[in-house]
Structure formats: C-alpha cells, structure tokens
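Trainee: I have the model open. Can we go through it one question at a time?

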Amino acid sequence: MASAEERTGMSLLGTSPRQLTQNPLKKIWMPYKNGHPEQHISQRRVCMTNCPTLIVTVGLPARGKTYISKKLTRYLNWIGVPTKEFNVGQYRRDCVKIYKSFEFFHPDNEEGLKIRKQCASAAMNDVQQYLGEEGGQVAVFDATNTTRERRETIIRFAEHNGYKVFFVESVCEDPDVIAENIVQVKLGSPDYTDCNSEEAIEDFMKRIKCYENSYETLDEVMDRELSFIKIIDVGRRYVVNRVLDHIQSRIVYYLMNIHITPRSIYLCRHGESDLNVKGRIGGDSGLSIRGKEACSFAKFCLWSSFAKCLAKFIQDQNIKDLKVWTSQMKRTIQTAEALGVPYEQWKALNEIDAGVCEEMRYEEIQEHYPLEFALRDQDKYRYRYPKGESYEDLVQRLEPVIMELERQENVLVICHQAVMRCLLAYFLDKSAEELPYLKCPLHTVLKLTPVAYGCRVESIFLKVVAVNTHRGKPENVNIHRSSEDALQTVPPHL
Amino acid sequence: MPAELTQNRIHKIWVPSSEDVPAVPPRAYGGPHLANPPTVIVMVGLPARGKTYIARKLTRYLNWIGLPTKVFNVGEYRREAVKYNSYDFFKADNQDAVRIRHQCALAALHDVKTYLTEEGGHIAVFDATNTTRDRRDLILSFGSENGFKIFFIESVCDDPDVIATNIMEVKVSCPDYQGRNTADAVEDFQKRIECYRALYQPLDPNEYDRNLSIIKVIDVGRRFVVNQVQDHIQSRIVYYLMNIHVQPRSIYLCRHGESEDNLQGRLGGDSGLSAQGRKFAAALTCFVEQQNLSEVKVWSSQLRRSIQTAEALGMPYEQWKALDEIDAGVCEEMTYEEIKEKYPEEFALRDQDKFHYRYPRGESYQDLVQRVEPVIMELERQENVLVICHQAVMRCLLAYFLDKSAEELPYLKCPLHTVLKLTPVAYGCKVESIFLNVDGVNTQRDKPEEIKKGPTVPLLQRRNSITPLTSPEPSKKLRVTSISPTPPPSPCSASALPPALPRQGLRRNGSDLHEAVQVFH
C-alpha cells in the first residue's frame, strides 16, 4: 500500500509548512513569511460570521427599543464585536430642529412622513458606511419599524449589501410599564424640554396612538422566514424564530437574561494585602497586617478595619437579599469572611494571571523584562504576560460573570484591580483603550445603579487608608526607553 | 475576628477552618445555587417528536456541567409492566390500559421524588407524552406538594419527513416491535400517534398556561416560544436547547502531533512539534482529505504544537485559548519524576483525586470542564469540526460526548496520533478510533494500583465548580437498541484500534450503544 507520502506527493515533513512566530504583544503564534507575519490569523472571536449583522428593532414608542439597543450595543462592544446603534429619532431631531407636537407623527401628515422616510434613509446610509468602511460588524437600527412595508425596505437594503438581518421586537401592553418608561426617558428627551410633565405625557400618549393603527406585529406565519426575537411583557415571554448563527444565538441568550427590576451592583476590591503593601503584583497573599503593627492599642488591624467598615456599609445600605461573590484568592475570601454572610467563590473572578511576572515589583519587571514592560505600556489591553493573560483574555473569562450579574438583583462583587476594571468597563461602556486605566482604588466601593439608558456610579471610600496600586501610562513607551522613564508612574510602596 | 483560612490541599480552595477541623471545601452555601430547589423537567409532545432524544441529551449536558440529573422514561415503566401487542393499548377507551399507564406515571413520579429528595439528585427529567392538561395538572400538584420547580419542554413538529425519520431511527427497533417487520412496525406506530393526537392539548403560553415555565421547540428548532424562565439553570437549558441541532455530521478530536516536550516526558509548556509530530500533521492532512467532507471547520488551541499541526493542513483554522492544555502551574515543563522529587505531596494528592486536584498556581480538570464549556456549546451549533487540542482537554470533551463521570474522565485514553471520530446516532454517539500509523510516545498515566482502593472524595457540589457526573441508569433499564451499520474504514488508517475506554461497569444505555459500535480491523 502506497505511503501517504507517495500518494499525495507531499513530503511527510510537510509541504514546507509555514514557520510560526509569536506575536510579542499578544503572545499569539502566527505564520510568517520572509520575516513578516502573515495577515490573516483566525483567532477565536465571538462573531465568526463573515457578513455583518443588521439588528432591527420593532415596536411602538415607549416599549424599550432604545433601552435594548443601547444595552445590547454596550454588551457586544465589550465582548469585542464592533457595534453601533443608529437611532432614527435622533436623525429626525437633527433634521426637524424643533419638535412641535404629536401631529408630526400623524399618518396623514405628508410632510412628516416624507421627513421621517428621509431620516430612515440617512440612517441606513450611515449603517452602510459603518459596516462597509469603518470596520463595524453589527449595526443596530433603532426605530419603530412597525409596518411590514418599512421592514421590507430594510430587508432589501440588507440583501443588497450582504448583511444578515435580525429583528428584535418589543411588545408590551402593561400601562404601568409604559408609564414608567415615559417618565424615565421621554420626559427628559429634547422633544419635551419646554413642556411640563403632564403636557409631555399627554402628547406622548397621542404619539403612540399615531402608530397603533398601522402596527403590524411580527407574525409567526407571515414572517416565518425572518430571523427574530419577540420580547413580550418585558421578558415574561419570548418567541424566537430562525436563529441563523453564533452571534444571533448570543444576542438571544443575552436578551433573555436581562431584566429591568431596580437593583444595585456593588464592586470593590479585597482589602489591602501583604503584596499590595510591598508593591508586588499578583500572587495569593493574605490581607496586610500593617495596621496591626502600627496600632498596638487597636483591637483590629487595618484589614479588619476595612472589612468591618464594609460590613457596616452593607448594613447601612439596607439591601434586600444581597448576594456576595468573591474570587478564589485568599485576600477576597478573607474580606468576605469578615462580613459574616454567605458568599460564593468564582474562579472566573481571580486576578489577571501575570505569568512569569507574578509577585514581582514593577522595578523587578523593568529589570528582568524591559521589553515586556514597554510592550505592556504600548497596548495594555491586548498585552498578554508571558505564560499569563491579557485584559482581553480577562474579558472573555468574565463574560459568564456579567451574564449572571444581569440575571441577579443586588450583588456585591469582591474582586481585584484588573477584574474590577473589566466589569466596570462593561457597566460604564468604556473602550478597550480606557479600560486598563480605570481607577479602582483599594477600600473604595463603587455602587452602580441602572438609570434611564445608563448607569449611575457612586464611589464610596471607606475611610481606611491603603496603598495606591494604580500605575498610569508613562509618557515614554518606546522599547528602548530608560528605566526612569519606564518607572515614572509607579506608585509608592514599601 | 474572622476565622483563619486554610487551603484545601487537593482543590486549592481557601476555606475558613480552625485547628482541629480539616479544610474541606464547603457545600455551596445555602445549598446548590444552580438548581435550588430541585427541578422537574417535564417533556410534552406526541410520540416521535424527539422528546427522549432531547431528554437524554440535556441530561448528559447537565451532568457534565456538574448537576446530578436523571431521566425517568414512563414508556420503560410501561414495558416492564406489560408486553406490548399493538396500538390498541393506547386507545383512549381501553380502560385497563389507561389504568396501567396512569400507574406507570405514578411509579415514575415516585422514583423522581426519591431521586430528588434522598439520592442527591438536582434535576429529574420526566420523559413521557404528557399531552393532556389533566396529566400536567397531576405533575404540577406533585411539584407543588414536594417543593420542586417545574419546567416544561414541549416538542411540536408536523413535518412528516422528520417524523418518519424518527420512527425509522428509534422506534422500529425498539423492544415494543421486536420480531415485527419494519412496515408493520411503522404502520402500528402511526396509529399509536393517532391515539394520542385526538386528546392532545398543546401547551398554551399565551393564555391557559401563561404562568408556567415553558419552552416550546417547534419544527426541530426553527422556532421557540419561551415563557417565564425562573432561574439560572432554566436559562442555561433554554440556551442549550436553542443551540443543538439534528443535522448529521461528525466531530473529529485529536491531539497535536508529538512535541519536543512529549519526547522528554515534560508536562505542559509550549514547545514545537518533533519530527514524528510533523509526520503526523502530514498524515492528518491526508486523513481529512480522505474523509471527503463538503465542509469542515478546524479548531486549534493557542499553543504552538497545535497550531503547527493545524498549519500543516493548509486550511483556515481558528485558535481558541479555551482549548489550551491544562495549566500545570508550578509543575509546568517538569517530568513526572521531577514533580515526584520536588513536590512529593502534590504528586500523591493528584493520584488521590485526579479530577478535583488543582496544580499549585494552576488548574484542575474541574476548572478545565468549566473553561471548555463554550467550546462544547459552539460544537453543538456547528456541523463537521476537527478539534486539534491536548490530552486533558480532549478527555474533557470526550467525557461530554460519551457521558463519562468525573472519576473516569482523567483516565480516558487519548493517545497521540489518533483521531477519534464521533458521530451522533440514535440516542448516543458512535466513536471510531483511527490511529494514523505514525509512532508517538505514550503519555498515558493510569491510576496507580494503591489508589484504586482508597477512599472516595465526596463530590463537591458548588456553584461554578463543575463535576461531571455520568447520567445515571434509568430505573427501568433499556435494552440495547438500534445499531447503525458501520461505515467503510478510512483508507488512511493502517490500523484502527478500538477506543480503549475504561470499564463501563453498570453503565447506562447510551454508553452501551457507543460501545457496541466500534471500528475493528
């Protein structure tokens, strides 16, 4: 029997397979030729579709379409899928400078119809630009899109450009929910700056009426070839039709896990640790005893102070059913233990793995790995420690935590600096560039409360002194820089 | 003053403890969070709608992610009670039969209760037609009396082709029709379906059943209606059901070619392929070609040896960090001898409980399963995939497909230069092991004899810690059913050894199925 070699004519040592080189920043192995890395390297990214996706919202006014659009956009961007929302109402506001009344939306208002159509077109042009030339992968077309005719137009537009279309319809008839929506986001809209609340509400209700008569909801029979999710009564029920690919599946899963019940998320780091005090990164040390040595009279040491302050803070907040989560590292568990309440340990919340640099001080990293140190400053988000992780890896690791946070109500997450930055970036919609430099000091609790389309942050310092562990980006990130330049921004330590 | 923490030596989990109490990781506070209180999943649908397929697949998944789950198939209880004659048994006016069927349902529910309250089960899957409101009300009362959550999974399908295929795949060869010819069996079964159809009251999430937790799967996953998802596990179940499909396809699992570290007997690391490894990569290319697949995705880890193997194929491939080999922490790049010398205690502990054991500053198999879960989810979505990974990772993936427990998982045999081809068939998975005839070192380290007799470590049930369990034997054992004809052997394989899977012991039907179908040369 002919050997594989003879049959295929290929040398068993391979048809000179491409040599591999490891990208020094991301530590990804990639093929290279003539000393240069090949362009296409297929890494596991979320959206493995080749064609962009157009998400199209559907629903009467005040059904949460913009809320969903913004939240979904924020989530997709955080997991690394470039996404942008296009709110047609915004285009209308830019076009018709002054909003007069609901009459604009009356189906008989020819002028109004013309303008609204133009705005939709303008938005679609921008979508085309974003997905075609600006490297976008998902566009969210946020408008009522309540008629089949309008949706047909969009589908043709998408087909013409090779986009996949996914509809997200929100259906709700609960008057309380609608009233609440109006109060939360419509009263403050630019359309109603000059009205008092009652007038605004009255006008808005009439606006909704204008759409109601021509509303053609997505239908299980007539629209059976379309890909969509219909969200009914704020998530009580869902109809999901023809999910085509991975990204649509992820979107559906996300939409089915979010809720709008009021609650707060508390993020904080463990109490100051031994290694923190010594200016060392990573490791798995316990909480510091600096305070204990310094105050011989004190009944409790510094970390105990922080934990006690945290416990008192939690009590004062009077939170219903608070869940407490920690990582599996000693310092967060010690912190949680001091609270005296049940808590869950998540390995996914462990601090970023600094690989060969674990437990080193910045000075030591500069001494032993000056190149690595410089590369990290060049692109802190994507930089992966040798045999360790990058912030980008962290985000992927944390995604199930975010998903579960979405499902939960009141939660206190006791974690670590890099991890907290990632979580915070999700809630506050921070970019990959900003994320690694977000300030998350020790002994400070960040209380996040969803409000309107975003998230309110309150920063509460628990008045127990701790070392500063924040290292800003130095001016000089060149790989040939001097030690002083490299260590310019290292915070003081023992 | 808060309690001192000590680190459990196997799991490396920090727990509060005092001097005299050993550091045993606690059960998740307040009980298991993923399914608390216990859940009864209730299948609903006419015969031949895939209820048992879904029930068993879901059970396998839930056990793999660490939730003790068991299927209770009422049809099996019925088979134990009476010998099947014809569809007349299922006629609505057959008083005796109606009584027997009711009793079988009650017996099954009784066993459900035992499983969930006394045997440590978290989830029971009640697999029957449950097509009438009366029957469902009975189950709801049962759930309410016992404090169980109820989640309905209804499968609705009217595509005659799908139903015909189902009947051929799993009904014609079922014990009810032993000794009957195919045409008779099909005809009888169709009449059986009609008996149910007359009384069928589908779930109505819009109105009548609007307060129940339901997922309705329509036309094999084309559409879903989801109502009142109550908790995390129901949400995960919905996500899982929305990702699985029934398209025929195969999944190929293999390791990277032999690496330089392999040659030296070193663990982990990030070395490149040895000469033999490169030979394997070329042989793999040949193998893939000969499989003649219209389309196949290739996935690799981000470690050099996998990528080198993938590169040799000359096809596009994706790198997944999640497929990287288990992190051996401080033991990275050491040989077993060196570990034994430098960390004798760690070495011994690992043999005591290889699944839960976490390397200092590294990972455990338990961590791996959690890390690899998104890969499984995406594998479910995909069709033909070749996964080039590593020994420990491959064991985790294999355990999912072949329903292996935490005890067996770390000892599954995944030798170098051998491709395992997994093809879903009937209710299980057919495995073919194809050795590509390129020699490589043996990296298998079996459980040492002295350990086999040691005490078993209690299974840890913690949220976000994953302990695969194998789906337990159904109460009424199903006899081995259909065996599909084996495909002709791949010409590339000079020898295809049967997968050397560990002793099955009291295994369940799914495993019986795959074990029966092996490729021998």
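Mentor: Start with a term: a contact means heavy atoms within 4.5 Å. Keep in mind that this is a predicted model.

Trainee: What share of the contacts in chain A with a separation of 6 or more comes from residues 24 or more positions apart?

Mentor: Chain A has 17 helices and 15 strands. Its C-alpha trace spans about 80 × 80 × 45 Å along the principal axes. Of the chain A contacts with a separation of 6 or more, the share from residues 24 or more positions apart is 67%.

Trainee: And what is that share in chain B?

Mentor: Chain B has 16 helices and 14 strands. With the separation again set at 6 or more, residues 24 or more positions apart make up a share of the chain B contacts equal to 72%.

Trainee: What percentage of the residues is buried in chain A, and what percentage in chain B?

Mentor: Buried means under 20% relative accessible area. In chain A, with 494 residues, the buried part is 55%. In chain B, with 521 residues, the buried part is 61%.

Trainee: On to helix packing. How are α2(A) and α15(A) oriented to each other?

Mentor: Helix α2 covers residues 65-78 of chain A and helix α15 covers residues 391-407; their axes come within 11 Å and cross at roughly 155°. Angles over 145 degrees count as roughly antiparallel. The crossing angle therefore makes the pair α2(A) and α15(A) roughly antiparallel.

Trainee: Which residues of α2(A) make that contact with α15(A)?

Mentor: The α15(A) side consists of A:V395, A:L398, A:E399, A:I402, A:M403 and A:E406. By class, this contact has 6 nonpolar, no polar and 3 charged residues. From α2(A) come A:K71, A:Y75 and A:W78.

Trainee: How is α2(A) oriented to α16(A)?

Mentor: The axes of α2(A) and α16(A) come within 8 Å. They cross at roughly 150°. That angle is why α2(A) and α16(A) count as roughly antiparallel.

Trainee: Which residues of α16(A) meet α2(A)?

Mentor: On α2(A), the residues are A:K71, A:R74, A:Y75 and A:W78. The contact of α2(A) with α16(A) has 6 nonpolar, no polar and 2 charged residues. The α16(A) partners are A:C422, A:A425, A:Y426 and A:F427.

Trainee: Now the interior space. Which helix gives the most to the lining of the largest cavity?

Mentor: The search of the whole structure finds 14 cavities of 30 Å³ or more. The largest cavity has a volume of about 400 Å³. Two helices of chain A, α9 (274-277) and α16 (417-428), each supply at least two residues of its lining. The one that gives the most, with 3 residues, is α16(A).

Trainee: Which lining residues lie nearest the centre of the largest cavity?

Mentor: The lining has 30 residues. By class, 12 are nonpolar, 10 polar and 8 charged. Nearest the centre lie A:I281, A:G282, A:Y362, A:Q417 and A:T469.

Trainee: Is A:Y383 buried or exposed?

Mentor: A:Y383 is found in the loop between α14 (370-378) and α15 of chain A. Leaving out residues up to four places away in sequence, A:Y383 touches A:L25, A:K27, A:E372, A:L375, A:R376, A:E389, A:S390 and A:Y391. Its relative accessibility is 2%, so A:Y383 counts as buried.

Trainee: How does A:K308 count by relative accessibility, and what is the value?

Mentor: A:K308 lies in helix α11 of chain A. Its C-alpha is 15 Å from that of A:A466, which is 158 residues apart in sequence. A:K308 counts as partly exposed, at 42%.

Trainee: What is phi of A:N318 near?

Mentor: Most residues other than glycine have a negative phi. A:N318 is in the loop between α11 (302-317) and β11 (323-326) of chain A. A:N318 counts as exposed because its relative accessibility is 67%. Its phi is positive, near 55°.

Trainee: In chain B, how does B:Q228 count by relative accessibility?

Mentor: Phi of B:Q228 is also a positive value, near 55°. B:Q228 lies in the loop between β8 (223-227) and α7 (232-243) of chain B. At 23% relative accessibility, B:Q228 counts as partly exposed.

How values were computed. Residues are numbered from 1 along each chain as its sequence is written. Chains are lettered from A and ligands numbered from 1 in the order in which they are written. This is a predicted model: local features need pLDDT of at least 70, side-chain atom pairs count only at pLDDT 80 or more; totals for chains, interfaces and linings use all residues. Side-chain values use heavy atoms; hydrogens and water are left out. Axes are lines fitted to C-alpha atoms, for helices over the stretch in contact, and angles run from 0 to 180 degrees between N-to-C directions. Helices (H or I, at least four residues) and strands (E, at least two) are DSSP runs, numbered from the N terminus. Angles under 35 degrees count as roughly parallel, over 145 as roughly antiparallel, 65 to 115 as roughly perpendicular and the rest as oblique. Ala, Val, Leu, Ile, Met, Phe, Trp, Tyr, Cys and Pro count as nonpolar, Asp, Glu, Lys and Arg as charged, and the others, Gly among them, as polar. On a 1 Å grid over the protein atoms alone, a cavity is a set of points where a 1.4 Å probe fits but cannot get out, and a pocket is an open set with protein on both sides within 12 Å along at least five of seven lines; lining residues have an atom within 4 Å of a point. Grid points are joined across faces, edges and corners, and a volume is the space filled by probe spheres set on the points. Buried means under 20% relative accessible area, exposed over 50%, partly exposed in between (1.4 Å probe, protein chains only).
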